[in-house]
Amino acid sequence: MNLYERDQRALSSMASLRFFPQAAVGGEGAYLIDEHGGRLLDLSASWGAASLGHSHPAVRAAVDRALASQAGASYLSGANIPAIELAERLLSIVPGRAAGRVWLGHSGSDANETVARAVVAATGRPRIIAFQGAYHGGTVGSMAISGHPAQTSVQRAPGLTLIPYPNAYRDGGESHAAAAALRHLEDLLAGPLPPGEVAALFLEAIQSDGGMVVPPPEFFQRVEALCRRHGILIVADEVKVGLGRTGRMHAFQHLGIEPDIVVFGKGLGGGLPVSAVVGPTPIMNYRAAFSFQTVHGNPVCASAAVAVLDTIREQGLVDHAAAVGKHLKNLLADLKKRHSLIGDVRGEGLAIGVELVSDQATKTPAKHQTAKVAYRAFELGLVLYYVGVNSNVLELTPSLPLTHDEATRAVEILDQALRDVTAGRVDDGSVARFAGW
Ligand SMILES: *Cc1c(COP(=O)(O)O)cnc(C)c1O
């Protein structure tokens with residue numbers, strides 16, 4: 001029995017989001033190592049969580065240090081140095097009005113859930129605005145404020161209003177898409193949705209799981225102005241695209257806005273489970289014992305996160321992500337000229353989406369072909385998954401230290417995978433076992 005078969009026999013499928021029979025026994029930098037010693041070039045980095053790559057020496061050293069003399073396993077009932085240092089570092093990089101206090105959690109889900117509860121409780125306003133296609137987590141409370149269609153049989157919050165996220169590729173270009181989405185929000189706030197009842201608006205600076213959708217310029221500045229006028233808090237969910245990935249420290253810096261609350265996760269821990277919320281003191285200190293789980297703020301994970309933040313700064317990984325991301329996007333733009341399956345290439349830095357369509361004019365989502373391309377790429381030694389409300393956007397969120405050569409190699413493999421799928425060399429049966437999402 002191979003590793004993947006053992007996985008299938010022992011592990012529940014409820015957490016599975018599988019695209020091919022990936023199974024690793026180790027990893028190093030941008031590579032995963034399979035059970036035969038083969039190397040897989042990992043352009044997902046476990047959905048961006050392995051932000052420094054696999055087995056980064058700084059993360060290993062930090063975890064070793066924290067475990068060598070463990071200062072408890074929690075920050076609920078006592079302070080520890082790594083949790084304090086992590087909070088201090090986050091306060092120093094988050095600009096302006098948000099830099100009050102820091103809450104630490106395990107995941108983007110528990111962080112967004114905490115924010116959703118806190119803003120409603122602290123403001124006394126019962127409603128929340130989020131975007132159609134938004135993914136803010138997989139717990140009951142974070143799904144309740146999400147808008148992703150893959151979350152079926154989910155109860156959205158009674159006070160949730162979902163609004164359209166402007167999609168320049170699908171909605172007639174940047175200015176048309178922005179104007180339509182903005183008008184939708186303005187109309188809502190002018191009547192059906194009393195602004196005085198809205199606590200917060202949750203946004204992703206690039207809508208990642210919704211399809212790596214990059215918003216049109218100035219759209220979010222207009223949204224910010226509306227929110228300011230009505231006292232609606234702006235929550236930037238930076239879980240996937242924050243902390244250097246987009247070529248800026250924060251993805252919201254591309255938007256020219258200043259959020260009230262910033263949520264971090266995934267890449268913050270460099271592969272360990274840790275998330276953070278940074279926000280104004282009146283909200284973040286709303287009430288003691290309001291939202292906690294036992295090993296929140298544990299020194300091991302906090303220590304890993306401190307190492308991630310320090311490494312990003314010391315090694316200039318924000319600028320590096322911008323430079324390698326530009327190279328990667330240029331190569332993908334070239335690829336688009338040679339493959340009619342590619343409808344759009346978009347993103348910032350090392351947060352890139354490649355949208356596949358079966359017809360350039362009608363832009364019909366090539367969902368099935370997307371699954372095949374990801375599957376074939378894996379067979380050829382490249383790991384990348386797909387996202388999108390139509391399941392047709394290949395997502396590239398590699399580790400930040402990705403080299404120029406690794407980016408080049410990844411696109412060569414993707415090129416081959418696209419050719420093989422177009423030529424009908426990938427059979428339906430092999431992909432059918434993997435539902436994806
Ligand atoms: C992944 C993700 C989350 C949820 O994070 P988990 O670690 O899976 O709980 C929240 N928001 C965004 C934007 C994400 O990409």
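Me: What makes the pair formed by the side chain of Ser107 and the ligand a polar contact?
Reply: An oxygen atom of the ligand is 3.5 Å from an N or O atom in the Ser107 side chain. A polar contact is a pair of N or O atoms within 3.5 Å; inside the protein, one atom must also be able to donate a hydrogen and the other to accept it, and residues adjacent in sequence count only if both atoms are side-chain atoms. The value meets the cut-off, so the pair qualifies. This is a predicted model, in which local features need pLDDT of at least 70 and side-chain atom pairs count only at pLDDT 80 or more, while totals for chains, interfaces and linings use all residues. Residues are numbered from 1 along each chain as its sequence is written, and side-chain values use heavy atoms, with hydrogens and water left out.

Me: Which atoms of Gly108 and Lys266 pair with the ligand?
Reply: For Gly108, a backbone N or O atom lies 3.2 Å from a ligand oxygen. For Lys266, an N or O atom of the side chain is 2.7 Å from an oxygen of the ligand. The protein covers 84% of the 380 Å² of accessible area that the ligand has on its own; such areas come from the Shrake-Rupley method with a 1.4 Å probe, and for residues only the protein chains shown count as cover.

Me: How many residues surround the ligand, and what puts a residue near it?
Reply: A residue is near a molecule or strand if one of its heavy atoms lies within 4 Å of it. The ligand is surrounded by 13 residues, and the closest are Gly108, Ser109, Tyr135, Asp237 and Lys266. Helix α4 (residues 108-123) supplies the largest share of this shell, three residues. Helices (H or I, at least four residues) and strands (E, at least two) are DSSP runs, numbered from the N terminus.

Me: How do the residues of the shell divide into nonpolar, polar and charged?
Reply: Two are nonpolar, six polar and five charged. Ala, Val, Leu, Ile, Met, Phe, Trp, Tyr, Cys and Pro count as nonpolar, Asp, Glu, Lys and Arg as charged, and the others, Gly among them, as polar.

Me: Why is Thr246 called buried?
Reply: Buried means under 20% relative accessible area, exposed means over 50%, and partly exposed is in between (1.4 Å probe, protein chains only). Thr246 has 2%, so it is buried. Thr246 lies in the loop between β8 (233-237) and β9 (261-264), and its side chain makes a polar contact of 2.9 Å with the side chain of His254.

Me: How do you know that Val262 counts as buried?
Reply: Its relative accessibility is 0%, so Val262 falls in the buried class. Val262 is in strand β9. Along the sequence Val262 and Ala236 are 26 residues apart, but their C-alpha atoms are 4.9 Å apart in space.

Me: What makes Val277 buried?
Reply: Val277 has a relative accessible area of 2%, so the buried label applies. Val277 belongs to strand β10 (residues 275-279). Val102 is 175 residues away from Val277 in sequence and 5.6 Å away in space, C-alpha to C-alpha.

Me: Why does Ala118 count as buried?
Reply: The relative accessibility of Ala118 is 9%, so Ala118 is buried. Its place is in helix α4.

Me: What is set apart about the phi of Ser46?
Reply: Most residues other than glycine have a negative phi. Ser46 is not a glycine, yet its phi is positive, about 50 degrees. Ser46 sits in the loop between β3 (39-42) and α2 (57-68). With a relative accessible area of 39%, Ser46 is classed as partly exposed.

Me: Why is Glu218 called partly exposed?
Reply: The relative accessible area of Glu218 is 47%, so the label is partly exposed. Glu218 also has a positive phi, about 75 degrees, although it is not a glycine. Glu218 is found in the loop between β7 (198-203) and α7 (219-230).
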